[in-house]
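Here's a walk through one chain, written for someone who'd rather look at side chains than read tables. Keep the viewer open and click along.

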Amino acid sequence: MKVKGNKILGGRVIEAEVMVQKEPFSFFGDVNRENGVINVGTNAGRSFKDKIFVFPQSKGSTLAPYVAADCKRNGVAPKAILCQKADGVLAMVAILADIPTMDQFETDIMTALKTGDNVKVEPEKGYIEIL
């Protein structure tokens with residue numbers, strides 16, 4: 001199944017396992033930048049390293065892009081970010097950490113995706129594909 005969305009930051013095609021965080025998320029305070037382990041909510045105690053990280057909306061702090069960039073430098077960042085409703089801070093996260101990111105999906109990804117699903121992200125074409 002293909003789901004259309006909005007590209008925030010494109011680039012390469014990503015295919016990986018999904019990790020769904022049911023709560024709004026911020027890179028500042030909600031994740032350990034050294035190991036990628038989430039501190040709060042659905043996935044507390046689990047790392048988003050090498051996952052396609054999905055959450056309903058971002059909650060911003062202007063420090064979030066720097067934490068995301070640290071995650072990337074430390075090799076623990078997600079492969080891609082899918083967010084139903086992103087804010088400007090998440091756009092800055094995507095750009096500074098160079099993480100392909102999409103939002104504004106035509107179908108609510110929070111109900112369409114579940115942790116463990118395999119998904120292909122095609123940001124340049126404006127869709128994701130649930131495999």
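Let's start with the charges: the structure holds 7 salt bridges, a salt bridge being a side-chain nitrogen of Lys or Arg within 4 Å of a carboxyl oxygen of Asp or Glu. Before going further, note that this is a predicted model, where local features need pLDDT of at least 70, side-chain atom pairs count only at pLDDT 80 or more, and totals for chains, interfaces and linings use all residues. Residues are numbered from 1 along each chain as its sequence is written, and side-chain values use heavy atoms, with hydrogens and water left out.

**Salt bridges**

Three of the pairs, including their N to O distances, look like this:

| Pair | Closest N to O |
|---|---|
| K7 and E124 | 3.2 Å |
| K51 and E17 | 3.5 Å |
| K120 and E122 | 3.8 Å |

Take K7 and E124, whose side chains meet in a salt bridge. K7 sits in strand 2 (residues 6–9) and E124 in the loop between strand 7 (118–122) and strand 8 (127–130), so this pair ties together parts 117 residues apart in sequence. Helices (H or I, at least four residues) and strands (E, at least two) are DSSP runs, numbered from the N terminus.

K51 and E17 form a salt bridge too. Here K51 is in the loop between helix 1 and strand 4 while E17 belongs to strand 3, so the parts tied together are 34 residues apart in sequence.

How covered are these side chains? The cut-offs go by relative accessible area: buried is under 20%, exposed is over 50%, and partly exposed is in between (1.4 Å probe, protein chains only). K7 is partly exposed at 38%, and E17 is partly exposed at 31%. In the K120 and E122 pair, K120 counts as partly exposed at 21%, whereas E122 is buried at 9%.

There's also a network of salt bridges, linking R33, D70 and R73.

**Helix 2**

D70 brings us to helix 2, as D70 is one of the buried residues there. Is helix 2 (residues 64–73) mostly covered or mostly open? It's mostly covered, with 7 of its 10 residues buried. Those are A64, P65, V67, A68, A69, D70 and C71. What do they pack against? The buried residues of helix 2 pack against helix 1 and helix 3, where a contact means heavy atoms within 4.5 Å. Just after helix 2, G75 takes a positive phi of about 75°.

**Aromatic rings**

Now switch to the rings: the structure holds 7 aromatic pairs. Rings of Phe, Tyr and Trp (its six-membered ring) pair if their centres lie within 6.5 Å, and planes under 30 degrees apart count as stacked, over 60 as edge-to-face and the rest as tilted. One of the pairs is F25 with F27, edge-to-face at 5.3 Å centre to centre, with 80° between the planes. F25 also forms an edge-to-face pair with F53, at 4.8 Å centre to centre and 80° between the planes. F25 lies in the loop between strand 3 (14–20) and helix 1 (27–30), and F53 lies in strand 4 (residues 52–57), so the pair ties together parts 28 residues apart in sequence.

F25 and F53 are both buried, and F27 counts as buried at 2% relative accessibility. Ring pairs link F25, F27, F48, F53 and F55 into a cluster.

**A nonpolar patch outside**

Which residues make the nonpolar surface patch? F28, L63, Y66 and L96 do, over about 400 Å². Nonpolar patch residues (Val, Leu, Ile, Met, Phe, Trp, Tyr) have over 30% relative accessible area and no salt bridge, with side chains joined within 5 Å; like charges are joined within 9 Å. L96 lies in helix 3 (residues 88–97) and is partly exposed, at 45%.

**The whole chain**

Zooming out, the chain has 4 helices and 8 strands, in the order β-β-β-α-β-α-β-α-β-α-β-β along the sequence. Its radius of gyration is 13 Å, close to the 14 Å that the globule rule gives for 131 residues, so the chain is as compact as a globular protein of that length. That radius is taken over C-alpha atoms, and the rule is 2.2 Å times the number of residues to the power 0.38. The C-alpha trace spans about 35 × 25 × 25 Å along its principal axes.

Of the 131 residues, 48% count as buried. Among contacts between residues at least 6 apart in sequence, 71% join residues at least 24 apart. The chain exposes about 6,000 Å², with carbon and sulfur atoms supplying 49% of it; accessible areas come from the Shrake-Rupley method with a 1.4 Å probe, and for residues, only the protein chains shown count as cover.
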